[in-house]
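User: Please take a close look at the salt bridges in this model and at what surrounds the residues that form them. I would like one connected account.

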Amino acid sequence: MIKSIFWLILVPALLPVFLVFWYVYSKDKYEREPLSLVLKTMFFGALFSPVCIPIENLFDYIISYFFGYDALLYDFIENIVGVAVVEELVKFAVLMIFIWKNENFDYRYDGIVYAVSASLGFAALENVLYIVHFGTGVSIGRAVFSIPGHAAFGVFMGFYLSRAKHWHLRGIWFLKIVALLFCVAIPVAIHGMYDFLLSDTAQERGWQNAFYVFVLILDWLACRIIRHEFRRDRPLGR
């Protein structure tokens with residue numbers, strides 16, 4: 001019985017997570033990050049995930065109170081503020097608490113490795129909960145769209161996190177603050193638009209194709225950033 005539950009829930013939920021993780025982690029050729037620290041980041045990304053639930057429920061109540069009269073406006077604000085802001089700030093908090101001051105965060109590509117790990121940890125628990133609740137029928141869609149989506153949000157966060165650490169080490173505080181703002185704002189905007197295009201209102205308006213185009217562009221950009229960063233990897237602050 002336990003073995004059956006493992007195969008039916010954990011494998012379809014976690015296999016795509018580790019495939020994406022290994023793709024990103026294996027590119028770190030110059031000074032590969034300690035696997036223990038990377039997995040710790042992934043673990044805390046998952047551990048912090050439940051924190052989002054009560055906050056998102058509170059935001060949903062507030063947003064529906066003020067904007068519930070307009071389904072399109074409600075879905076847009078709810079997905080940006082009520083979901084994306086909350087979830088991306090939680091991932092950002094994991095990185096700032098456990099990675100920002102860590103001595104291993106010393107190369108440009110490292111930011112992507114750690115940010116993607118935190119995002120995939122978050123996505124892993126979310127995936128397990130979805131499959132438990134809705135069944136394994138959702139696993140293919142989540143493997144194709146949701147897991148790469150969270151990883152892509154992490155790529156953009158990690159890109160700007162490394163820039164922020166670089167300017168921090170150089171003592172240029174204005175650029176550091178700008179990079180930290182982008183570190184959150186860009187993933188929030190992308191995540192919010194991703195979720196909004198999946199909302200009932202957007203689907204009812206026939207925007208399915210817009211979602212697929214958005215995902216293709218997002219994944220293409222994320223892959224380009226990954227290739228660019230690992231090929232031009234160098235120590236931060238120099």
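**Salt bridges and their surroundings**

Analyst: The structure holds 3 salt bridges, and because the model is a predicted one, every distance below is a computed value.

In one of these salt bridges, R108 and E229 bring their side chains together, with N to O at 3.4 Å. This pair links distant parts of the chain, since R108 lies in the loop between α4 and α5 (110-134) while E229 lies in helix α9, 121 residues apart. R108 counts as buried at 10% relative accessibility, and E229 is buried too, with a relative accessible area of 0%.

E229 also meets the side chain of R163 in a salt bridge, with N to O at 3.0 Å. Because R163 belongs to helix α6 (residues 139-170) and E229 to helix α9, this pair ties together parts that are 66 residues apart in sequence. R163 is buried as well, its relative accessible area being 17%, a value that falls under the 20% cut-off for that class. Taken together, R108, R163 and E229 are linked in a network of salt bridges. Side chains of opposite charge can pair when their charged atoms come close.

Helix α9 (residues 208-231) also contains R231, which is exposed, with a relative accessible area of 54%. R231 and Y109 are 122 residues apart in sequence, yet their C-alpha atoms are 9.0 Å apart in space.

The remaining salt bridge to describe joins E88 and K91, whose closest N and O atoms are 3.0 Å apart. Here the partners are 3 residues apart in helix α4 (residues 71-98), so that about one helical turn separates E88 from K91. E88 is buried at 0% relative accessibility, and K91, at 2%, counts as buried too. K91 has a further contact, in that its charged end sits over the ring of F122, 5.2 Å from the ring centre. A contact of this kind is also found for K165, whose charged end sits over the ring of W100 at 5.7 Å from its centre.

Several of the helices named so far also help to form the largest pocket, which has about 880 Å³ of space. This pocket is lined by 29 residues, and those closest to its centre are V83, E87, E126, Y130 and D195. Helices α3 (52-67), α4, α5, α6 and α7 (173-198) each supply at least two residues of the lining, and the largest share, 6 residues, comes from α5. By class, the lining has 12 nonpolar, 8 polar and 9 charged residues.

Aromatic contacts complete the account, with 20 aromatic pairs found in a search of the whole structure. The rings of F18 and F21 form an edge-to-face pair, because their planes stand at 90 degrees with the centres 6.4 Å apart. F18 and F21 are 3 residues apart in helix α1 (residues 2-26), about one helical turn; F18 is partly exposed at 39% relative accessibility, whereas F21 is buried at 5%. F76 and F196 form another edge-to-face pair, 5.4 Å centre to centre with 85 degrees between the planes. That pair links distant parts of the chain, as F76 is in helix α4 and F196 in helix α7, 120 residues apart. F76 counts as partly exposed at 35% relative accessibility, and F196 as buried at 6%. In addition, F145, F153, Y194, F211 and Y212 form one aromatic cluster.

How values were computed. Residues are numbered from 1 along each chain as its sequence is written. This is a predicted model: local features need pLDDT of at least 70, side-chain atom pairs count only at pLDDT 80 or more; totals for chains, interfaces and linings use all residues. Side-chain values use heavy atoms; hydrogens and water are left out. Helices (H or I, at least four residues) and strands (E, at least two) are DSSP runs, numbered from the N terminus. Buried means under 20% relative accessible area, exposed over 50%, partly exposed in between (1.4 Å probe, protein chains only). A salt bridge is a side-chain nitrogen of Lys or Arg within 4 Å of a carboxyl oxygen of Asp or Glu. On a 1 Å grid over the protein atoms alone, a cavity is a set of points where a 1.4 Å probe fits but cannot get out, and a pocket is an open set with protein on both sides within 12 Å along at least five of seven lines; lining residues have an atom within 4 Å of a point. Grid points are joined across faces, edges and corners, and a volume is the space filled by probe spheres set on the points. Ala, Val, Leu, Ile, Met, Phe, Trp, Tyr, Cys and Pro count as nonpolar, Asp, Glu, Lys and Arg as charged, and the others, Gly among them, as polar. Rings of Phe, Tyr and Trp (its six-membered ring) pair if their centres lie within 6.5 Å; planes under 30 degrees apart count as stacked, over 60 as edge-to-face and the rest as tilted. A charge sits over a ring if NZ of Lys or CZ of Arg is within 6 Å of the ring centre and within 35 degrees of the ring normal.
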